[in-house]
Amino acid sequence: MERFVIKGGKPLSGEIEVRGSKNAASKLMIASLLTSEECLIENMPFSADVDITRELCATVGSEISFDNYHRCVIKTLQINNALVSELSRKNRIPILALGPLLHRNGQAEVPVLGGCPIGHRPINLHLESLTKMGIRIERRPYSYFAEAPHGIKGTEIELSYPSVGATENILLTSVRAEGTTIIRGAAVEPEIINLIEMLKQMGAQIFYDNSSRYMEINGVRNLHGVKIRVIPDRNEIVSFAAAALATDGDILIRHIQEEYLISFLDVIRKMGGSFEKTRDGIRFFGKKPYRAVQIETASHPGFMTDWQQPVSVILTEATGESIIHETVYEDRFGYMKDLRAMGAAVHVTDECLGDPCRFQNQTFNHSVRIIGPTALRGRELEMTDIRAGMAHIIAALSAEGESLISGIEHVDRGYETIDERLRVLGADINRVNS
Ligand code: EPU
């Protein structure tokens, strides 16, 4: 079993280059299944999550190669096998392959979903939308089997929640459907816009308006090859920025797309953290104690649910009572018990500490009060998901003493060689076998 040993208390400083977005990269690989021509995807992160998607694509018939410059060439001349139920259930990507596989093969079968244990994570919106497009989906013990006996037809879909995955699934299915598909209430995360740009360059006809969450897709018969670049990973940027602030450090993060970070930068400003735009990126720096803030997670352009974990560590060092109200996932505060064990004063509750959300009057612990400042102490920790795992790492980096962290396969799924890259910034972090 691999673990991280981290000796905390050292300010991180230096420059770091952000990798391509894990949550965009896999979707672009799935989009490539829509054509028999070659696709070149640049800025691919080398994370375990991308490996899982690579395994899926290779199983259905893609020829894939990666080079040392983070480029991926993927070509799926034909689908050899669209029934891939036997694959691992380690991430939530396979359900997005249903549409592309149906268009290429007429039938498809993908494994039931995996992914981080952060709530119930239903896929009713995916299934309802695809069904409305004429796809018949059968739930089997370990898979979803799908076929479209009368073809895949454009239709009007109103999403009751702007689900990222459901929006992507509709896009990937509608681009080659017969007729026009309209999505109202669509998610408009930057990773989705990255996917739309790829599909448009492949020949898809997509019109979208972010502010009204409206998308219109005119189906086309065929799509062709493309060269596309994965956008920078917003979650990596926030993680490195939080590591800088939590350790009284100073990090320049290169190659940032600032427009995707507005709600994060607002919070940093309110906390009294500092950032400075430079020609190459954004420099994050600061000195404890920070000021307490109130945060509500939301879909884009709101404060992202994947950011609350790294930021919560900085809030343990902020003066006063901070609040995080998680409105995207119902069960994303499991890691708070570990911050408490390290010395933080945190109190989770099932109340909505903010505007009432869809988890109101239920029993989900989806809000937390963090009272600071408190000093964290190193200890043994176990990661259970990617983003909470990043909170563990940042907490250990800012704590006094040594931490031993297990379950590190979770961060390896989402962050490329995180230990090596943190070491370059001066972190005392080592991967050990024990
Ligand atoms: N939801 C439904 N029904 C559905 C789909 C979603 O009720 O059919 C609910 C979910 O249960 C959840 C909420 O809607 O409470 C948000 O789900 P969404 O579909 O928007 O998210 P996702 O596609 O499953 C992606 C990212 C997540 C990120 C969210 C929100 C990937 C592989 N995952 O998940 O990333 O938190 O969007 O931005 O792209 C992570 O990287 O650690 C991670 C969890």
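## Shell around the ligand

In this predicted model, helix 1, helix 4 and helix 5 each supply at least two residues of the shell around the ligand. The shell holds 23 residues. Asn124, Ser163, Val164, Val328 and Arg387 come nearest to the ligand. By class, the shell divides into nine nonpolar, six polar and eight charged residues.

## Polar contacts and cover

Oxygen atoms of the ligand have polar partners in the protein. A backbone N or O atom of Leu125 lies 2.7 Å from a ligand oxygen. Asp306 places a polar side-chain atom 2.8 Å from an oxygen atom of the ligand. For Arg92, a polar side-chain atom lies 3.5 Å from a ligand oxygen.

How much of the ligand's accessible area does the protein cover? On its own, the ligand has 830 Å² of accessible area, and the protein covers 91% of this.

## The largest pocket

Which space does the ligand take? The ligand occupies the largest pocket. The volume of this pocket is about 1100 Å³. Its lining is made up of 45 residues. Closest to the pocket centre are Arg92, Arg121, Val164, Gly165 and Tyr329. Two of these names recur in the ligand's surroundings: Val164 is among the residues that come nearest to the ligand, and Arg92 has a polar side-chain atom 3.5 Å from a ligand oxygen.

Four elements give two or more residues to the lining: helix 1 (22-31), helix 4 (124-132), helix 5 (164-174) and helix 11 (386-398). Helix 5 gives the most, with four residues. Helix 5 also supplies at least two residues of the ligand shell, as do helix 1 and helix 4. By class, the pocket lining has 19 nonpolar, eleven polar and 15 charged residues.

## The second largest pocket

The second largest pocket has a volume of about 230 Å³. Its lining consists of 13 residues. Glu17, Val18, Asn43, Arg229 and His255 are the closest to its centre. Five lining residues are nonpolar, three are polar and five are charged.

## Backbone geometry

Most peptide bonds are trans, and most residues other than glycine have a negative phi. Where does this model depart from that pattern?

Lys288 and Pro289 are joined by a cis peptide bond, with omega about -5°. Pro289 sits in the loop between strand 16 (281-285) and strand 17 (290-291). A cis peptide bond also joins His300 and Pro301. Here omega is about 15°. The place of Pro301 is the loop between strand 18 (294-296) and helix 9 (308-315).

His70 concerns phi rather than omega. This residue is not a glycine, yet its phi is positive, at about 60°. His70 lies in the loop between strand 4 (63-66) and strand 5 (72-75).

Conventions. Residues numbered from 1 in each chain as written. Predicted model: local features only at pLDDT ≥ 70, side-chain atom pairs only at ≥ 80, totals over all residues. Heavy atoms only, no water. 1 Å grid on protein atoms, 1.4 Å probe; cavity = no way out; pocket = protein on both sides within 12 Å on 5 of 7 lines; lining within 4 Å. Points joined across faces, edges and corners; volume = space filled by probe spheres on them. Nonpolar A, V, L, I, M, F, W, Y, C, P; charged D, E, K, R; others polar. Near = heavy atom within 4 Å. Polar contact = N/O pair within 3.5 Å; in protein donor to acceptor, adjacent residues only side chain to side chain. Areas by Shrake-Rupley, 256 points an atom, 1.4 Å probe, with all protein chains shown as cover. Sits in = over half its atoms within 2 Å of the grid points.
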